Amino acid sequence: MSNEDQSIRGLFAKAERAREDLGESYEPNSPTFQENLEKTIATYIQCLKKTEDFSLFSPNETLEDISSSDIQYMSINYHLAELIQKVFTPEVSARKEHLLQARARYELFLKLLDSYDMLNNGDAKLFESYNEDKQNFSTVSTKDAAARRDVKIARFREEKELKRKLEYLRQNPKLAEQDDQVVRDLNLTSIAFMVHQTFQSLESLAQELHIISLAPPAPPPGQSARPHDGREDGRDKDGYSERLDGQVGGLRYSGPILSSDGKPMRPFTLLDNRQTLKKNVFRPDHSLPTMTIDEYLEEEKRRGGIIEGGGPQSEIRPEPNEDDLDAADAETMKARAWDEYVEENPKGSGNTLNRG
């Protein structure tokens, strides 16, 4: 039995070292990272198979029956779920398959802990809520900001406490060898922290799977998604396209431009020719003048927008021409008419409202 335990311990330690190395990488989509990721997943699967062959965890046992060193093997499915989520694939269907596999691993991890009564009351209720509605699972109500804040604070404190214990154990390795309870408490705390992370990941998985379900279906096999003219998005080498229903911002519009009553059904742009577009590229962002100031004043004067007269010049009257008899008669008639008007309308005759 000691040889079997040593084999499991060796595989698990190898998988843990490989997982830590992956965590230090900054290129998760690189071929090297993905290759190492597959090897790490395979090592965890071998370790999981060993635990099943040796029946380390049985439904007939309790948590007290499990040795302190074997508690760490309960996290294998949790680590597998985390690693499977990092598998890169450009196909939507393949991504969905990996998400479902990760979700199944998280479920196995929680079911194992639930069989040993290792979930506290809050986690047990969350697990029950998850089983009732996996697609819309949420750790806290999205409308209750205070509850969400409290959960985040609790997780942060637990993570901080876990890191403190891990750092203390690394600085005192002999303490764990001498005290089995220290190792047990550390492993149980680590498992409890993973439970919190599991529910958070299940919530994220539900959101991502919902987004994937809204994605348009892939084209049938053999049908190209590119235009048949051999040009990407119908554009030539200059980047110009005559199409009005092209792809804008990743969304392709199709169907008629205008409805039967003349209303636009989708965005479109009216263009006259390519030369006009090229001329308008490097033009100023303000309107340039089309006439001089003198031309503008002449145009305003012609339209009647400028009133002449008034001011000191209006008091200067031209001297009458004694030889112009018609003009003299017109002035005389004007003065006589004014005198008659003043006689008929004395000053104050029109104000009859305020008389006493």
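Which residues of α2 are buried? In this predicted model, the buried residues of α2 are Phe33, Gln34, Leu37, Thr40, Ile41, Thr43, Tyr44, Cys47, Leu48 and Thr51. Several of these lie three or four places apart in sequence, and the geometry of a helix bears on that spacing. An α-helix has 3.6 residues a turn, so residues three or four places apart point the same way.

The length of α2 can be checked as well: at 1.5 Å a residue, its 23 residues should span 33 Å, and the C-alpha atoms at its ends are 33 Å apart, which agrees.

**Two residues with positive phi**

After α2 comes Ser55, whose phi is positive and near 55°, although Ser55 is not a glycine. Ser55 belongs to the loop between α2 (31-53) and α3 (76-85), where its relative accessible area of 48% makes it partly exposed. Asp117 likewise has a positive phi of about 55° without being a glycine, and its place is the loop between α4 and α5. With a relative accessibility of 68%, Asp117 counts as exposed.

**Salt bridges**

The count of salt bridges in the model comes to seven, and the table sets out three pairs with the distance between their N and O atoms.

| Pair | N to O distance |
|---|---|
| Glu208 and Arg95 | 2.9 Å |
| Glu107 and Lys134 | 3.1 Å |
| Arg303 and Glu300 | 3.4 Å |

The side chains of Glu208 and Arg95 meet in a salt bridge, and this pair links distant parts of the chain, with Glu208 in helix α8 (residues 180-213) and Arg95 in helix α4 (residues 92-115), 113 residues apart. Glu208 is partly exposed, at a relative accessible area of 26%, whereas Arg95 counts as buried at 19% relative accessibility, because the cut-off for buried is under 20%.

Glu107 forms a salt bridge with Lys134; Glu107 lies in helix α4 and Lys134 in the loop between α5 (121-132) and α6 (145-171), so the pair ties together parts that are 27 residues apart in sequence. Here Glu107 is buried, with 11% relative accessibility, while Lys134 is partly exposed, with a relative accessible area of 25%.

The salt bridge between Arg303 and Glu300 stays inside one element, since both residues lie in helix α10 (residues 293-303), three residues apart, which is about one turn of the helix. Arg303 is exposed, with a relative accessible area of 60%, and Glu300 is buried, with a relative accessible area of 17%.

**Around Asp114**

Another residue of helix α4 is Asp114, which counts as partly exposed at 35% relative accessibility. If residues up to four places away in sequence are not counted, Asp114 touches Leu119 and Phe127. Asp114 and Ala124 are ten residues apart in sequence, and their C-alpha atoms are 7.7 Å apart in space.

**A nonpolar patch on the surface**

Which residues make the nonpolar surface patch of about 490 Å²? Met291, Ile293, Tyr296, Leu297 and Ile306 make this patch. One of them, Met291, is placed in the loop between α9 (274-279) and α10, and with 41% relative accessibility Met291 counts as partly exposed.

**Confidence of the prediction**

The confidence values should be kept in mind when the model is read. The mean pLDDT of the protein is 79, and 75% of its residues reach 70 or more. Among the elements of the protein, α3 has the highest mean pLDDT, 95, and strand β1 (residues 247-248) the lowest, 46. For residues 227-232 pLDDT stays under 50, and the model has six contacts for them beyond four places in sequence. For residues 244-251 pLDDT also stays under 50, and here the model has 13 contacts beyond four places in sequence.

Methods: Residues numbered from 1 in each chain as written. Predicted model: local features only at pLDDT ≥ 70, side-chain atom pairs only at ≥ 80, totals over all residues. Heavy atoms only, no water. Salt bridge = Lys/Arg side-chain N within 4 Å of Asp/Glu carboxyl O. Helix = DSSP H or I, 4+ residues; strand = E, 2+ residues; numbered from the N terminus. Buried < 20%, exposed > 50% of the residue type's maximum accessible area, 1.4 Å probe, protein only. pLDDT = per-residue confidence, 0-100. Contact = heavy atoms within 4.5 Å. Expected span 1.5 Å × (residues − 1). Patch = residues over 30% accessible without salt bridge, like charges linked within 9 Å, V, L, I, M, F, W, Y side chains within 5 Å. Areas by Shrake-Rupley, 256 points an atom, 1.4 Å probe, with all protein chains shown as cover.
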